Amino acid sequence: MQRSAERLELAFGLIEMAGKQAKILSDQAARDLLFFAGTTRHPDRNRVIVLLSLKAGLRAAEIAKLTWDMVEGADGEIGATIEVRDSVAKRRHGRRIPVQQDLRQALIALRKLSPGNGPIARSERGGPMTPLSIVVWFNRAFQAIGLSGCSSHSGRRTFITRAARLVHKAGGSLRDVQLLAGHRSIQTTERYIDGDSDAQRRLVSLI
């Protein structure tokens, strides 16, 4: 069963990337995506989907499989971390991710509309959204706001790239970014990171 899920997830990854990396999102593009989510039939759910990608770096399959008990504390309130369990994570490489403030507020708002336990991202029929439906939702959203070369992996790449650029300010290292991303090797993390052309120009000017 686990192998079937992994093959399915790999297939989704191949569909998303189509032989090249998904583009990262500018601040404006991220705002446009969140604005679009707010105009849909399920704005609270869709804002959470976007923020789980942008602010937690989750894959489409992880978003689809995430359940409320993975984001709640013992008191039933939205906790300080997301527990991405091995059963949810790619290659069973689970991790804990601190909950960013915008994501926390979005989860609180959605929780008021989602009594009981089970999946966070539910379909219109009440069942869990599938990884493929998450991928399709992002593709349609990017088409709607006129962005090309983007996919459900764009939010994850944006999260990892921004984390890598800012980690020194938090007193951390690329190893911390690797752990947040759930990568087994730091080389994989490095491949996700998009270069900063402005920083490169400043660097070259100093040589």
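**Salt bridges, helix H3 and a pocket**

Biologist: Which side chain meets that of Asp44 in a salt bridge?
Modeller: In this predicted model, the N to O distance in the pair is 3.3 Å, inside the 4 Å limit for a salt bridge. The partner of Asp44 lies three residues away in helix H3, so about one helical turn separates the two. The residue that pairs with Asp44 is Arg47.

Biologist: Are Asp44 and Arg47 buried, partly exposed or exposed?
Modeller: Asp44 has 22% relative accessibility, and Arg47 has a relative accessible area of 30%. Buried requires under 20% and exposed over 50%. Because both values fall in between, Asp44 is classed as partly exposed, and Arg47 is likewise partly exposed.

Biologist: How many residues of H3 are buried?
Modeller: H3 has 12 residues and spans 16 Å from its first C-alpha to its last, close to the expected 16 Å. Its buried residues include Arg45, Asn46, Val48 and Ile49, and the cover over them includes H2, helix H4 (60-65), strand S1 (81-84), H5, H6 and H7. H3 is largely enclosed by the rest of the structure because its buried residues number nine of the 12.

Biologist: Which residues outside its sequence neighbourhood does Trp137 touch?
Modeller: Trp137 sits in helix H6 (residues 131-144) and counts as buried because its relative accessibility is 12%. Its C-alpha atom lies 9.5 Å from that of Ile49, although the two are 88 residues apart along the chain. Leaving out residues up to four places away in sequence, the contacts of Trp137 are Phe36, Ala37, Arg45, Asn46 and Val50.

Biologist: Which residue forms a salt bridge with Arg41?
Modeller: Arg41 is in the loop between helix H2 (27-38) and helix H3 (43-54), and its partner, 83 residues away, is in the loop between helix H5 (101-111) and H6. Arg41 is exposed, at 69% relative accessible area, and the partner is exposed at 53%. The closest N and O atoms are 3.3 Å apart, and the partner is Glu124.

Biologist: Which residues form one salt-bridge network with Glu62?
Modeller: The side chain of Glu62 meets that of Arg59 at 2.6 Å, N to O, and both residues are buried. Salt bridges with shared partners extend the network to a third residue. The residues joined with Glu62 are therefore Arg59 and Arg95.

Biologist: How many salt bridges does the structure hold?
Modeller: Side chains of opposite charge can pair when their charged atoms come close. Among the pairs here are Asp44 with Arg47, Arg41 with Glu124 and Glu62 with Arg59. The number of salt bridges in the structure is eight.

Biologist: Which element gives the largest share of the lining of the second largest pocket?
Modeller: This pocket holds about 360 Å³ of space. Elements that give two or more residues to its lining are strand S2 (95-98), helix H7 (152-166) and helix H8 (174-181). The largest share is four residues, and it comes from H7.

Biologist: How many residues in the lining of the second largest pocket are nonpolar?
Modeller: The lining has 15 residues, and those nearest the pocket centre are Phe159, Arg162, Ala163, Leu166 and Leu180. Two residues of the lining are polar and three are charged. The nonpolar residues number 10.

Technical notes. Residues numbered from 1 in each chain as written. Predicted model: local features only at pLDDT ≥ 70, side-chain atom pairs only at ≥ 80, totals over all residues. Heavy atoms only, no water. 1 Å grid on protein atoms, 1.4 Å probe; cavity = no way out; pocket = protein on both sides within 12 Å on 5 of 7 lines; lining within 4 Å. Points joined across faces, edges and corners; volume = space filled by probe spheres on them. Nonpolar A, V, L, I, M, F, W, Y, C, P; charged D, E, K, R; others polar. Buried < 20%, exposed > 50% of the residue type's maximum accessible area, 1.4 Å probe, protein only. Contact = heavy atoms within 4.5 Å. Expected span 1.5 Å × (residues − 1).
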